[in-house]
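Hi,

Here is the structure I said I would pass on to you. Have a look at it first, and then read my notes underneath.

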Amino acid sequence: MSHLGTLEAGSRHDLHVAVSPDAPNEDALGNETDGAFGYAHSYETSSRYDGPGVRVVLFVSGCLLRCTYCHNPDTWHLKDGTYISAQQVLDRLAGFAPALRALDGGLTISGGEPLVQFAFTKRILAGAKSLGLHTAIETSGYLGDRVDETCLSALDLVLLDIKSSNPDTYRAVTGRDLNPTLRFAERLASIGKPVWVRFTLVPGFTDDPANVEGIAKFVAPMKNVEWVEVQPFHQLGAFKWKAMKLDYKNANTSTPTPDLLARVIDQFRAAGCRVR
Ligand code: SF4
């Protein structure tokens, strides 16, 4: 059993490794816990980027994907996170709640993948709602089947990362199957749950026009998708791959040129998406 730690405010770009060496493997985790405890990487207190308004963003540990361009590989394993209680998170959040409400913000749970520790995520979302906060998760959707009605009722917005529309490309860049993400997107569309789709533009990996076109055509008819956000690849996480002695395939990948970014944004716009 891991020992309860203290979660300090920090940045998603801080490196955290081997904080809880006896944590379970993330792929062995199901829905069996009550979510009272979990593993977290860090939290930020004033993000203007991960949902509307000013937000607290909690980065939880555990992810089953292995994106070649991931900028936070130190969130993949529970053992690299700090063991904390949901109550600790909510007590801390309560201190920020008046300011978050005044600034039209709220709480976003990101990662890692918040649906790996689904019960923990669900408990924190419910607690945030009882503080009167807008709530969001950022997810790949790979574990979207885990999301139940109770969780959906405590969730105002889903930031859904669609990394590719091509199953082969998706598997090449994430190591996993594309279908669960598309299925989750369709389910969210069917109930009208607000979604911001996020697409990471990685030159040489996800920039193929047909790949972009596929996502744009899939998303465009979905009335619940408020925005498509094109996120340019960057190298801010490269030092983590090096420090963790991982094989980094994007060491020589450059950030997208303005022309490439404009072409991709135009593709989404031409398909009828609201894009930024
Ligand atoms: S889904 Fe996110 S956290 Fe997981 S490997 Fe991909 S980029 Fe990293």
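Let's start with the largest pocket: 32 residues line it, and those lying nearest its centre are H71, E138, D161, K163 and Q231. Bear in mind that this is a predicted model. The volume of the largest pocket comes out at about 640 Å³. Its lining is a mix, with 13 nonpolar, twelve polar and seven charged residues. Three elements, β5 (134-139), β7 and β8 (225-232), each put at least two residues into that lining. The largest share comes from β7, with three residues.

What takes up the space of the largest pocket? The ligand does. Around the ligand you will find C63, L65, C67, C70, T75, W76, G112 and K163. By class, that shell has five nonpolar residues, two polar ones and one charged one. K163 is worth clicking on, since this residue is listed around the ligand and also among those nearest the centre of the largest pocket.

Next, the second largest pocket, with a volume of about 250 Å³. It has 21 lining residues, and L29, T33, F37, Y39 and Y83 are the closest to its centre. The elements giving two or more residues to this lining are β1 (37-47) and α2. Sorted by class, the lining has 13 nonpolar, six polar and two charged residues.

Since α2 came up, a few words on that helix. α2 runs over residues 118-130, so to speak 13 residues in all, and spans 18 Å from its first C-alpha to its last, close to the 18 Å expected at 1.5 Å a residue. Which of its residues are buried? In α2 they are F118, A119, F120, T121, I124, L125, G127 and A128. After α2 comes G132, with a positive phi near 80°.

Finally, the enclosed space. How many cavities of 30 Å³ or more does a search of the whole structure find? One. The largest cavity has a volume of about 40 Å³. Its lining is made of L160, I162, A185, L188, V195, V197, F218, V219, M222, N224 and V225. By class that gives ten nonpolar residues, one polar and no charged ones. At least two lining residues come from each of α5 (179-191), β7 (195-201) and α6 (209-219). So β7 turns up twice, because it supplies at least two lining residues to the largest cavity and at least two to the largest pocket.

Cheers

Methods:
Residues numbered from 1 in each chain as written. Predicted model: local features only at pLDDT ≥ 70, side-chain atom pairs only at ≥ 80, totals over all residues. Heavy atoms only, no water. Near = heavy atom within 4 Å. 1 Å grid on protein atoms, 1.4 Å probe; cavity = no way out; pocket = protein on both sides within 12 Å on 5 of 7 lines; lining within 4 Å. Sits in = over half its atoms within 2 Å of the grid points. Nonpolar A, V, L, I, M, F, W, Y, C, P; charged D, E, K, R; others polar. Points joined across faces, edges and corners; volume = space filled by probe spheres on them. Helix = DSSP H or I, 4+ residues; strand = E, 2+ residues; numbered from the N terminus. Expected span 1.5 Å × (residues − 1). Buried < 20%, exposed > 50% of the residue type's maximum accessible area, 1.4 Å probe, protein only.
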